[in-house]
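This briefing walks through a ligand site, a sheet and some unusual backbone geometry, in that order. Please read it alongside the coordinates.

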Amino acid sequence: MDEILINGGTPLNGEVTVSGAKNAALPVIAATLLVGDRFEFHNVPALKDILSIQDLLADMGADVEFHDNTFSIDTANLSHFEAPYEHVRKMRASILVLGPLLARMKRARVSLPGGCAIGARPIDQHLNGLARLGADIVLEHGYVEASAEKLTGAEIYFDLPTVTGTENLMMAAVLAEGQTVLRNVAREPEILALAEILNQMGADIAGAGSSVITINGVKALKPVTAAIIPDRIETGTFMVAAALTGGEIQIHKAAHSHLKELILKLEKTGAEIDCANQTIRVKGNAPVNSVDVKTMPYPGFPTDMQAQFMVLMAVAKGFSVISENVFENRFIHVSELRRLGADITISGSHAMVRGVPELSGAPVMATDLRASACLVLAGMVAKGTTRISRIYHLDRGYDALEKKFSRLGADIKRIPAQT
Ligand code: EPZ
């Protein structure tokens with residue numbers, strides 16, 4: 001397995017361009033199952049998760065090509081309506097094929113995702129919503145067997161905001177008979193982006209981005225060519241990198257409107273931030289001030305930025321409390337940060353972070369996608385050498401992150417696995 005080797009201490013300076021958003025591309029690609037035709041998407045990031053959904057849809061019979069950040073897919077000749085365990089266990093977002101398969105094929109067999117490092121990750125909200133639309137849902141042998149003669153619009157209340165749950169129900173409802181009203185939905189930018197592309201396909205969706213989405217079912221949809229929105233979490237990772245290393249980075253093709261809460265928090269830590277059009281300039285200043293953070297569904301502080309922000313607090317002046325309110329086990333990176341000299345105490349969903357003068361490099365192990373990014377950040381500011389193992393987690397959600405950081409001046413390289 002590849003590793004990443006970092007010698008810390010260099011301020012990062014220069015310019016970087018953000019890739020397309022993984023969490024926007026995955027639902028949009030799943031939505032192609034709603035129409036038996038050819039689609040083309042641009043600005044698709046070159047990530048393992050994109051290759052995973054490419055393999056999944058190809059196994060279903062779709063004709064798929066992905067190169068130079070362009071994803072082309074023809075879903076005219078689907079022969080299978082199943083997301084098998086070997087795909088879903090690699091990428092739980094495979095569950096996003098459930099809604100569109102049910103809507104177009106009136107049946108779907110999707111492996112239950114199971115839990116992951118950061119939590120149990122149940123899909124009860126997805127299944128309850130689909131049942132409200134008239135689907136027959138049977139769970140057996142670790143699979144969801146879903147079927148429906150037809151889907152009929154309904155009013156659906158989510159117990160809590162769920163990103164992929166909202167996306168699955170939106171895709172299931174677009175071809176249903178009549179009106180569907182989704183309440184207490186997630187409001188992430190990726191949901192609004194999906195709704196906009198579905199409407200370009202001929203759907204009739206209103207309210208995406210707010211807590212209530214109304215969908216009037218239509219008879220059929222058509223294929224589109226569209227671009228994927230920028231990745232706000234990759235953007236936030238570069239912003240924290242500038243603040244952490246005391247450098248100055250210009251981040252291009254960034255959507256600062258998607259990061260208002262993070263920008264507010266980073267400014268409170270003392271970073272200078274300027275937003276102009278699609279560029280965010282971040283300049284880190286010493287000392288870094290300690291700031292408390294509570295992760296919440298959008299537009300609150302993103303849980304996907306919690307680990308990265310914790311590294312900044314680990315070397316801040318003072319004491320901060322980081323509360324993780326979205327996932328029940330998203331502090332796995334803390335034990336690895338402690339190996340680098342961080343002073344962090346966990347109590348339930350709260351991490352108490354006492355800033356230390358400096359971190360010291362050491363061998364550490366990545367455990368999930370955003371924890372990997374946090375360890376890369378920590379290695380860039382730690383004194384000495386940090387060696388990160390299991391970076392396949394990182395490659396799921398970042399497109400050549402070490403190359404982007406190297407171009408900003410970091411002493412970082414990938415050590416290929418010994419074959
Ligand atoms: C999406 O996951 C993202 N993934 C995650 O990004 C992100 O962390 C998460 O939203 C929260 O923002 C994709 O978009 C592919 P949820 P998702 O359903 O949809 C509970 C990354 O790093 N819940 O919004 O799976 C759940 O347990 C990944 O890019 C239920 O109880 O997250 C969690 O506590 C990690 N029942 C909370 O809701 C359900 O049926 C939010 O989860 C569904 C969810």
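**Ligand site, sheet and backbone geometry**

The model discussed here is predicted. In this model, 20 residues surround the ligand, and the closest are Gln125, Thr162, Thr164, Asp304 and Val326. Beyond the ligand site, the points below cover an open sheet of four strands, a cis peptide bond between Ala286 and Pro287, another from Tyr298 to Pro299, and positive phi values at Lys106 and Arg121.

**Ligand surroundings**

- Thr162 places a polar side-chain atom 2.7 Å from an oxygen atom of the ligand, while for Thr164 the corresponding distance from a polar side-chain atom to an oxygen atom of the ligand is 2.6 Å.
- Arg370 also has a polar side-chain atom that lies 2.9 Å from an oxygen atom of the ligand.
- On its own the ligand has 830 Å² of accessible area, and the protein covers 87% of this.
- Two or more residues of the shell around the ligand come from each of α1 (22-31), α5 (124-132), α6 (163-173) and α12 (369-381), with the largest share, three residues, provided by α5.
- By residue class, the shell around the ligand divides into eight nonpolar, six polar and six charged residues.

**The four-stranded sheet**

- The strand order in this open sheet is β10-β11-β13-β12, and the pairing is mixed.
- At the edges are β10 (155-157) and β12 (205-206), each of which pairs on one side only.
- Strand β13 (residues 212-216) pairs with β12 in the antiparallel sense over two bridges, and Thr214 in β13 is the bridge partner of Ala206.

**Cis peptide bonds**

- Most peptide bonds are trans, and most residues other than glycine have a negative phi.
- The bond that joins Ala286 and Pro287 is cis, with omega about -5°, and Pro287 lies in the loop between β17 (279-283) and β18 (293-294).
- The peptide bond from Tyr298 to Pro299 is likewise cis, with omega near 10°, and Pro299 lies in the loop between β18 and α10 (306-314).

**Positive phi values**

- Lys106, a residue other than glycine, has a positive phi near 65°; Lys106 is found in the loop between α4 (98-105) and β7 (107-111), and is partly exposed, with a relative accessible area of 29%.
- Arg121, also a residue other than glycine, has a positive phi near 55°; Arg121 is found in the loop between β7 and α5, and is partly exposed, with a relative accessible area of 23%.

Methods: Residues are numbered from 1 along each chain as its sequence is written. This is a predicted model: local features need pLDDT of at least 70, side-chain atom pairs count only at pLDDT 80 or more; totals for chains, interfaces and linings use all residues. Side-chain values use heavy atoms; hydrogens and water are left out. A residue is near a molecule or strand if one of its heavy atoms lies within 4 Å of it. A polar contact is a pair of N or O atoms within 3.5 Å; within protein, one must be able to donate a hydrogen and the other to accept it, and residues adjacent in sequence count only if both atoms are side-chain atoms. Accessible areas come from the Shrake-Rupley method with a 1.4 Å probe; for residues, only the protein chains shown count as cover. Ala, Val, Leu, Ile, Met, Phe, Trp, Tyr, Cys and Pro count as nonpolar, Asp, Glu, Lys and Arg as charged, and the others, Gly among them, as polar. Two strands pair if DSSP finds at least two bridges between them. Buried means under 20% relative accessible area, exposed over 50%, partly exposed in between (1.4 Å probe, protein chains only).
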